[in-house]
Amino acid sequence: MRLLVTGASGFIGTNVIEYFKPRAEAVVNVDVLAPRCTDQQDYWRKADICDRKGLVDVFTEFAPTHVLHLAARTGMGEFSSDHFAANTAGVENVIHAAKEASTVKRMLFASSLLVCRNGHVPARDDEYCPDNMYGESKVEGERIVRKIEDGPFTWAIFRPSSTWGPWFELGYHHFFKLVMRGLYFHPGRIDIVKPTCFAGNAAYMMDKMLCGSPEDVHGKIFYLVDYPEHTTRQWAEEIRRAVGRRPLMSVPMPVLSAAAKCGDMAKLLGWREPYLTSFRLSNMMTGGRYPFEPIEALAGPLPATLADGVE
């Protein structure tokens with residue numbers, strides 16, 4: 001396998017490069033940004049997926065047999081559609097470059113759970129209900145992929161759940177810090193199943209999608225989520241045990257709601273990262289069970305348990 005990964009200087013891509021370095025014949029990271037892991041500098045080729053000609057040159061020179069397209073523009077705020085050109089025109093350019101190279105046998109495209117509003121689990125692969133422009137751009141990206149004509153390579157789309165692990169930032173990194181400092185409290189007595197995925201398991205599942213038989217992969221959508229599922233309470237307790245903190249406490253929802261409003265006010269007054277805001281509380285309380293059975297059937301048992309990942 002000669003694997004070309006777009007956007008591999010990011011958190012997930014860094015883990016992907018680490019996973020495939022000893023497994024692939026050759027690996028290259030195509031990204032506008034330098035790798036966050038200095039040991040991966042030799043695998044980096046600077047290129048912009050919005051530059052069609054430059055991208056074709058990279059593909060032609062490297063001659064990949066497999067392509068993993070991770071590169072994307074993110075953002076939950078209000079942006080123009082041009083802000084997310086990488087998620088639409090960039091997808092078209094990657095497909096075009098793969099066809100021009102004429103060596104590609106399989107392509108995987110990273111999408112997002114946010115092709116539907118947060119917490120909504122679609123009944124069909126083509127059901128969409130995004131609630132922001134980022135989600136809309138990922139919907140359009142999926143539609144572009146679905147239009148690929150029958151040709152020299154097979155393809156699949158995957159929607160990663162909230163991914164965590166080495167080199168992660170923000171989001172669940174903040175969650176880890178709260179638990180490790182003894183500042184995390186369970187919201188009420190509700191056990192919430194969050195769709196999350198350890199980065200090492202995500203790379204393993206991508207490997208199985210890249211190497212699985214065409215009839216098991218082509219044209220399908222997979223959700224990357226750890227199985228068996230676990231609750232946020234189980235996850236926090238695992239972190240707590242790993243660092244030797246006292247057992248975690250539960251706080252009634254009215255108290256947390258009041259604290260979240262105080263956090264909202266503190267943010268307005270200039271505190272960049274309050275411990276709790278209404279947005280974070282809502283996110284904590286939003287769960288969902290995504291259909292992991294297709295990827296489980298393809299990948300089998302995952303290499304890392306929840307305890308392994310936390311360690």
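This dialogue reads selected helices, salt bridges and cysteines in a predicted model.

Trainee: What span does helix H3 have, and what span is expected for it?

Mentor: One compares the end-to-end reach with the rise expected per residue. Helix H3 covers residues 89-101, and its 13 residues reach 18 Å from the first C-alpha to the last, close to the 18 Å expected at 1.5 Å a residue. Helix H8 can be treated in the same manner: its twelve residues should span 16 Å, and its end C-alpha atoms are 17 Å apart, which agrees.

Trainee: Which residues follow these two helices, and what sign does phi have there?

Mentor: H3 is followed by Ser 102, where phi is positive, near 60°. After H8 comes Gly 244, with a positive phi near 75°.

Trainee: Which residues of H3 are buried, and what covers them?

Mentor: The buried residues are Gly 90, Val 91, Asn 93, Val 94, Ile 95, Ala 97, Ala 98 and Ala 101. Their cover includes strands E1 (2-6), E4 (66-69) and E5 (106-110), together with helices H2 (52-62) and H4 (133-146). One residue of strand E4 illustrates this packing: His 69 lies in that strand and counts as buried, at 1% relative accessibility. Beyond its neighbours within four places in sequence, His 69 is in contact with Val 91 and Val 94, and also with Thr 6, Ile 49, Leu 108, Phe 109 and Ala 110.

Trainee: Which residues of H8 are buried, and against what do they pack?

Mentor: In H8 the buried residues are Thr 232, Trp 235, Ala 236, Glu 237, Ile 239 and Arg 240. They pack against strand E7 (162-164), helix H5 (171-180), E8, E9 and helix H12 (306-310).

Trainee: How many salt bridges does a search of the whole structure find?

Mentor: The search finds 13. It is instructive to ask where the partners lie in sequence and how accessible they are.

Trainee: Where do Arg 146 and Glu 142 lie?

Mentor: The general idea concerns helix geometry. An α-helix has 3.6 residues a turn, so residues three or four places apart point the same way. Here, Arg 146 and Glu 142 both belong to helix H4 and are four residues apart, about one turn of the helix. Their side chains meet in a salt bridge at 4.0 Å, N to O. Glu 142 is buried, with a relative accessible area of 2%, whereas Arg 146 is partly exposed at 33%. Both residues also belong to a network of salt bridges with Arg 159.

Trainee: Why can the salt bridge of Asp 191 and Arg 233 be said to tie together parts of the chain?

Mentor: The side chains of Asp 191 and Arg 233 meet at 2.5 Å, N to O. Asp 191 lies in the loop between strands E8 (185-187) and E9 (196-198), and Arg 233 lies in H8, so the pair ties together parts 42 residues apart in sequence. Asp 191 is partly exposed, at 47% relative accessibility, as is Arg 233, at 22%.

A further case is the salt bridge of Arg 289 and Glu 293, at 2.4 Å, N to O. Arg 289 counts as partly exposed at 43% relative accessibility, and Glu 293 likewise at 36%.

Trainee: How many disulfides are there, and how far is Cys 129 from the nearest cysteine sulfur?

Mentor: A disulfide requires two cysteine sulfur atoms within 2.5 Å. By this rule the count is zero. Cys 129 is in no disulfide, and the nearest cysteine sulfur, that of Cys 116, is 3.7 Å away.

Trainee: Is Cys 262 buried or exposed?

Mentor: Cys 262 is exposed, with a relative accessible area of 54%.

Note on methods. Residues are numbered from 1 along each chain as its sequence is written. This is a predicted model: local features need pLDDT of at least 70, side-chain atom pairs count only at pLDDT 80 or more; totals for chains, interfaces and linings use all residues. Side-chain values use heavy atoms; hydrogens and water are left out. The expected span of a helix is 1.5 Å times one less than its number of residues. Buried means under 20% relative accessible area, exposed over 50%, partly exposed in between (1.4 Å probe, protein chains only). Contact means heavy atoms within 4.5 Å.
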